[in-house]
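Q: I'm new to this one. Could you take me on a close look at the place where the two chains meet?

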Number of protein chains: 2
Amino acid sequence: MTTAVAAAHAFDQAIALKPLGGDRFEGQTSTAYWNMVGPFGGITAATALQAVLQHPGCLGQPVALTVNYAAALSEGRFVVVARAARTNRSTQHWTIEMLQDDADGPPAVVLTGSVVTALRRDTWGINDTPMPLVPAPGTVQGPPWIAPIEWIKRYEVIQLDGPLPQHWDGALSSGADTQHASMSRLWMRDAPPRPLDHCSLTALADVFYPRIFLRRAFRVPAGTVSMTVYFHADDATMRATGDGYVLGQARANAFGAGFHDQSAWLWNAVGQLLATSVQVVYYKE
Amino acid sequence: MTTAVAAAHAFDQAIALKPLGGDRFEGQTSTAYWNMVGPFGGITAATALQAVLQHPGCLGQPVALTVNYAAALSEGRFVVVARAARTNRSTQHWTIEMLQDDADGPPAVVLTGSVVTALRRDTWGINDTPMPLVPAPGTVQGPPWIAPIEWIKRYEVIQLDGPLPQHWDGALSSGADTQHASMSRLWMRDAPPRPLDHCSLTALADVFYPRIFLRRAFRVPAGTVSMTVYFHADDATMRATGDGYVLGQARANAFGAGFHDQSAWLWNAVGQLLATSVQVVYYKE
């Protein structure tokens, strides 16, 4: 037993919001989760969800989240507005806007989104998407998880399949089939480890780099435009997962006319499907 | 050549909106697309998209749509508010709310949503999700596409795999594997045929009945809570598809604690992936 008060985890610091009254919350971007031209999209999505979960009017647990990245956040202060558009007996519909001051006029919208929360009840259930057979976290060491961006250091990652290309030679990837040509698989968790919750799971759903980099080893400007996460895990499954590794898998369906999609699946180490996610990614050339 | 003015297609009548000025549009629910306790969710989603596409400020073509079904619509008038939250050089972020009068107070929110539109440019592209091998529409006749609900008649459907169970005996479905256990495949198009566009494609993405009915042949209350559609097809691909059949495939990843997801893929008859979609469905028991 320790009696010292632990400093908050970097993740909790990054998503911390100060209530401004009503539906408004104030946050600060985190240098610890900085990406190339703004914060890591996963931490921004987690912060949007956090505003809903922290709202005194919030009913139940998150079922679905959609965030639309309207602009890169600037370093500094932002405001999240989380509004319960409709509250039913067992579901609640939230709309989210994230705003930042704009020198040229009124605060500008940098993110829009929506969250569905619900009282989750015991029902019949089944997982039809079993975890793929992969080596357990302690038994394997993948290629190094490094990149000259800060947020990468906030995750312990063991890359199994589909790491970033070593040679940016424009070569088309080849997999066992087209399903595998854009597929990455990796074990991941917060660094240092932190018990999983819906906010940190949201961020994990965005850890996968844009599939265009894998499918065609060519550096092009690319960024997520919209992301949707469905939470299959309730609070009890989160607690059972604790701070253990999460297996992530991502792949794209199609690339064309400046956008590609990517789907992601996240399981805990005992094979429970925690979340599924989709995102659409802008790319150039 | 005909000189008679054709009556508008039932689909166009159903999604027709009258501008009220600014970001507001007025519509009427359509009995032609009636479901059990409200309109077919696909027609409601299509109407939400229509408000954005009809807005004089709309930039480009739709890339992503999310709609959250907050409540069943009542028969009659509704208002759609479509607001450009942010306009960038080549992308635009829309928020949507659908409202209906409420005897007890101010108009109530029945749907929230968001749309990303973009100027789509020629880029490198590839379809990594080829159409499954299925019989061509003219060569096969599936089980009858009938149900005691009106909107079913607005679609020509050839059911290939995973039709509604004939016997509601609670039996678990069996497929070649868990991927197929909740899978339906069908050819579909508007009845009478109508050239495909982003609005009608949105509705097609919701034609699949809740996977819970297939996975466990047991009638339970169920309904879509949120749906996201990513459009891979641009206007040119839509024109090339014309009023031909679209192959749809849907399956679930996981069921539990009152909700299941389902993913859908839509191809035209020459195998172009037109859209991918996910939805989360509430179910009881």
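A: In this predicted model, chain B and chain A bury about 5000 Å² between them, and carbon and sulfur atoms give 57% of that area. On the chain B side, B:Trp124, B:Asp128 and B:Tyr230 stand out: they supply 15% of the area that chain B buries against chain A, more than any other three residues. The contact draws on 65 residues from chain B and 65 residues from chain A.

How do the two copies sit relative to each other? Turn chain B by 180°, with 0.0 Å of shift along the axis, and it lands on chain A with an RMSD of 0.0 Å. The copies are thus related as by a two-fold rotation axis. Both use the same surface, too: 100% of the contact residues of chain B turn up again in chain A.

Now for the links across the interface. There are four salt bridges between chain B and chain A. One of them joins B:Arg215 to A:Asp128, with the closest N and O atoms 2.6 Å apart. Polar contacts add to the picture, with 43 residue pairs counted between the chains. On the side of chain B that touches chain A, strand E6 (residues 105–118) gives the most, with seven residues. That side of chain B divides into 30 nonpolar, 23 polar and twelve charged residues.

Strands pair up across the chains as well. Strand E12 (residues 254–256) of chain A runs antiparallel to strand E7 (residues 126–127) of chain B, and the pairing covers two bridges. If you want a spot to zoom in on, look for A:Ala254, which stands opposite B:Asn127 in E7 of chain B.

Notes: Residues numbered from 1 in each chain as written. Chains lettered and ligands numbered in written order. Predicted model: local features only at pLDDT ≥ 70, side-chain atom pairs only at ≥ 80, totals over all residues. Heavy atoms only, no water. Least-squares fit on C-alpha atoms with pLDDT ≥ 70 in both. Contact = heavy atoms within 4.5 Å. Buried area = accessible area lost by both parts, 1.4 Å probe. Salt bridge = Lys/Arg side-chain N within 4 Å of Asp/Glu carboxyl O. Polar contact = N/O pair within 3.5 Å; in protein donor to acceptor, adjacent residues only side chain to side chain. Helix = DSSP H or I, 4+ residues; strand = E, 2+ residues; numbered from the N terminus. Nonpolar A, V, L, I, M, F, W, Y, C, P; charged D, E, K, R; others polar. Pairing = 2+ DSSP bridges.
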